[in-house]
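Visitor: Please give me a close look at one part of this model, the surroundings of the ligand. I would like the cut-offs behind each term spelled out as you go.

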Amino acid sequence: MTVKAEPFDLSGKVAMVTGAAGGLGQCFAKTLSAAGASVVLCSRDRDRPELVRLANDLAGAERLAMDVVSHASVEQAFEVLDEKGIQVDILVNNAGVAISGRAQALSDADWNAVVDTNLRGAWTVSQQLAKRLIEQSRPGSIVNIASILGLQPSKGTAPYAVSKAGLIQMTRALALEWARFNIRVNALSPGYIETDINREFLQSDTAAAHIKRIPTRRVGVAEDLAGPILLLASAAGEHMTGSNLVVDGGHSCASL
Ligand SMILES: NC(=O)c1ccc[n+]([C@@H]2O[C@H](COP(=O)([O-])OP(=O)(O)OC[C@H]3O[C@@H](n4cnc5c(N)ncnc54)[C@H](OP(=O)(O)O)[C@@H]3O)[C@@H](O)[C@H]2O)c1
């Protein structure tokens with residue numbers, strides 16, 4: 001048996017992170033960069049201050065405008081990279097939105113915003129990358145940031161929970177189709193981690209009840225996802241494809 005000397009080393013790789021200016025996106029970008037990857041940081045606004053600061057902190061980082069809901073925007077972003085000769089090896093489909101509310105009260109626009117961003121967006125970006133990897137006969141690793149709500153819904157989260165369940169199944173469907181091209185596709189499903197997406201909710205009484213049910217009795221922090229993202233992105237996870245790695249302090253072992 002040969003053991004790889006540096007299984008988590010990403011030197012020479014290019015990693016793209018969508019929604020990179022957000023709470024988890026920043027952590028993913030910093031982790032992949034610390035492991036040696038050059039990072040492509042995507043946001044709908046490439047001049048967003050958080051993105052500019054992050055790019056300044058990470059050696060060789062590129063900032064890229066990309067709205068994952070717009071096919072034209074995703075296509076254009078990849079064309080910009082093509083023109084610069086930047087070939088992406090690792091993609092973290094992290095861009096996401098959450099709109100909560102009683103199912104009977106949510107609008108079609110709410111549904112579309114959530115499902116188009118979280119599910120169709122990840123599809124479009126993955127497709128653009130896979131076309132290039134397949135054409136260039138290069139291996140790749142795609143990590144879709146899903147959620148434990150994709151496994152088990154909780155009240156008031158219907159479109160979000162459905163989008164993440166779809167993302168987990170999309171992970172399996174694409175893993176099945178793209179394994180022959182050496183493209184691995186995995187999902188990472190965090191439990192609650194405090195960021196802009198849920199800060200308000202996490203201060204509510206409902207959230208306090210949820211937190212009591214987490215076996216570790218705490219909400220996660222972004223850094224809890226550093227090891228897991230590195231495992232899925234790197235050669236350490238070489239035989240993993242189609243899997244869904246749950247990182248939730250045991251929350252999904254209890255009722256959500
Ligand atoms: N925090 C948690 O507890 C938790 C748990 C499970 C899963 N997740 C998932 O983790 C991912 C990151 O969430 P987060 O907690 O870091 O939230 P966040 O801070 O709100 O970040 C989400 C990012 O997504 C980007 N985004 C939204 N719509 C987009 C679009 N149409 N095109 C491109 N980018 C778009 C935003 O970037 P710009 O505004 O810069 O474009 C935003 O920074 C999401 O997929 C979320 O569902 C989070």
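**Around the ligand**

Guide: Tyr192 is a convenient place to begin, since at 15% relative accessibility this residue counts as buried; buried means under 20% relative accessible area, exposed means over 50%, and partly exposed covers what lies in between, with a 1.4 Å probe and protein chains only. Before going on, please keep in mind that this is a predicted model, in which local features need a pLDDT of at least 70 and side-chain atom pairs count only at pLDDT 80 or more, whereas totals for chains, interfaces and linings use all residues. Residues are numbered from 1 along each chain as its sequence is written, and side-chain values use heavy atoms, with hydrogens and water left out.

A pair of aromatic rings is described by the distance of the centres and the angle of the planes. Rings of Phe, Tyr and Trp (for Trp, its six-membered ring) pair if their centres lie within 6.5 Å, and the planes count as stacked when under 30 degrees apart, as edge-to-face when over 60, and as tilted for the rest. By this rule the count comes to 1 aromatic pair. Tyr192 and Phe201 have ring centres 5.6 Å apart and planes at 40°, so the pair is tilted. Phe201 has a relative accessible area of 31% and is therefore partly exposed.

Turning to the ligand, a residue is taken to be near a molecule if one of its heavy atoms lies within 4 Å of it, and the rule for a strand is worded in the same way. Of the 29 residues around the ligand, the ones that come nearest are Ser43, Arg48, Tyr160, Ile193 and Thr195. The shell is made up, by class, of 13 nonpolar, 11 polar and 5 charged residues; here Ala, Val, Leu, Ile, Met, Phe, Trp, Tyr, Cys and Pro are nonpolar, Asp, Glu, Lys and Arg are charged, and the others, Gly among them, are polar.

For the polar contacts, the pair must be N or O atoms within 3.5 Å; within protein, one must be able to donate a hydrogen and the other to accept it, and residues adjacent in sequence count only if both atoms are side-chain atoms. An oxygen atom of the ligand lies 2.9 Å from a polar backbone atom of Asn94, and a ligand oxygen is 3.5 Å from a backbone N or O atom of Gly191. From the side chain of Asn198, an N or O atom comes to 2.8 Å from an oxygen atom of the ligand. On its own the ligand has 870 Å² of accessible area, of which the protein covers 93%, the areas coming from the Shrake-Rupley method with a 1.4 Å probe and, for residues, only the protein chains shown counting as cover. Helix 1 (23-34) and helix 5 (158-178) are the elements that give two or more residues to this shell; helices (H or I, at least four residues) and strands (E, at least two) are DSSP runs, numbered from the N terminus.

Asn94 leads on to Thr18, whose side chain reaches the backbone nitrogen of Asn94 at 2.9 Å. Thr18 sits in the loop between strand 1 (14-17) and helix 1, and its 2% relative accessibility makes this residue buried.

Helix 5 can be followed to the loop between it and strand 6 (183-190), where Asn182 is found. Most residues other than glycine have a negative phi, and most peptide bonds are trans. Asn182, although not a glycine, has a positive phi of about 70°, and with a relative accessible area of 55% Asn182 is exposed. Ser137, in the loop between helix 4 (108-135) and strand 5, is likewise not a glycine and has a positive phi of about 50°; at 68% relative accessibility Ser137 counts as exposed.

Strand 5 (residues 140-145) holds Asn144, which is buried, with a relative accessible area of 0%. The side chain of Asn144 makes a polar contact of 3.0 Å with the side chain of Thr171.

Finally, the cysteines: a disulfide is a pair of cysteine sulfur atoms within 2.5 Å, and the structure holds 0 of them. For Cys27, the closest cysteine sulfur, in Cys42, is 17 Å away, which is too far for a bond. Cys27 is buried, at a relative accessible area of 9%, whereas Cys253 counts as exposed at 71% relative accessibility.
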